[in-house]
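The following report is intended for a reader who is new to this structure. Please consult the sequence and the model shown here while reading.

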Amino acid sequence: MLNALGVIVSGRLVQTDFQQISDAQYLINIPEADNVNHVVVFLTGTTPFAEGMAGAVYFSWPDPNAPPTWQLLGYISNSKPSAIFKISQLKKLDEVSNNSTINVFGANLPISHIAQIGVSIEPESNLMQQTPATTTTDTYYQFGQKMVENFFNFVSSFSVTQPQMVPNPNETFVPLSTVQTWFANFQRRLQQNPNFWKS
């Protein structure tokens with residue numbers, strides 16, 4: 001399987017230098033991963049997976065104080081021989097919470113100062129039931145986006161112009177421009193890090 005797997009990082013040469021760490025597990029280093037938004041993991045076509053098997057694709061950001069922990073990106077298979085994975089949000093996700101990380105490649109790996117991609121050959125039926133870490137990030141983003149839009153639309157439906165206002169000493173008024181500014185700032189922060197609200 002060593003020559004059967006490849007990785008493409010945008011703007012770089014194809015990498016195929018996976019290291020075998022067990023009968024069914026392979027690792028490759030991704031240098032300077034802070035500048036990487038997406039990676040493509042693919043089968044080169046030299047050797048297919050065994051019938052019913054697929055490659056679970058994991059990603060690990062370097063932690064200078066601990067062995068790698070892994071986030072499931074998804075999988076590749078004979079019927080889906082390549083996949084593009086967004087990794088730019090995973091570092092932020094890992095910094096906020098380690099709930100999505102697992103120790104799939106064993107605790108006895110040395111501490112890595114470089115990001116890594118791991119491929120673990122597993123039954124495809126098992127992989128189809130697992131939720132990638134990126135799905136959680138996308139779900140947070142979509143929920144946050146819909147919640148903010150709903151709030152903004154609700155508040156906007158009560159807006160009145162200055163001449164339409166009726167004096168009411170028991171009511172507090174907030175200019176709609178203040179809500180619009182908050183809405184724009186929340187959307188910007190949500191795009192930068194869908195988990196910012198956890199901190």
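Leaving aside neighbours within four places in sequence, Glu149 is in contact with Phe183 and Gln187, where contact means heavy atoms within 4.5 Å. Glu149 and Gln187 are 38 residues apart in sequence, and their C-alpha atoms are 9.3 Å apart in space. Glu149 belongs to helix α3 (residues 133-156); helices (H or I, at least four residues) and strands (E, at least two) are DSSP runs, numbered from the N terminus.

The model is predicted: local features need pLDDT of at least 70 and side-chain atom pairs count only at pLDDT 80 or more, while totals for chains, interfaces and linings use all residues. Residues are numbered from 1 along each chain as its sequence is written, and side-chain values use heavy atoms, with hydrogens and water left out.

Two glutamates are set out below by accessibility: buried means under 20% relative accessible area, exposed over 50%, and partly exposed in between (1.4 Å probe, protein chains only).

| Residue | Relative accessible area | Class |
|---|---|---|
| Glu149 | 27% | partly exposed |
| Glu32 | 62% | exposed |

Glu32 lies in the loop between β3 (25-30) and β4 (38-43). The phi angle of Glu32 is near 50°, a positive value in a residue other than glycine.

An open sheet of five strands follows the order β2-β3-β8-β5-β6, with antiparallel pairing; two strands pair if DSSP finds at least two bridges between them. Because β2 (19-22) and β6 (71-76) at the edges each have a single partner strand, one side of each is left without a neighbour in the sheet. Within the sheet, eight bridges join β5 (residues 53-60) to the antiparallel β8 (residues 115-123). Phe59 stands opposite Ile117 in β8.
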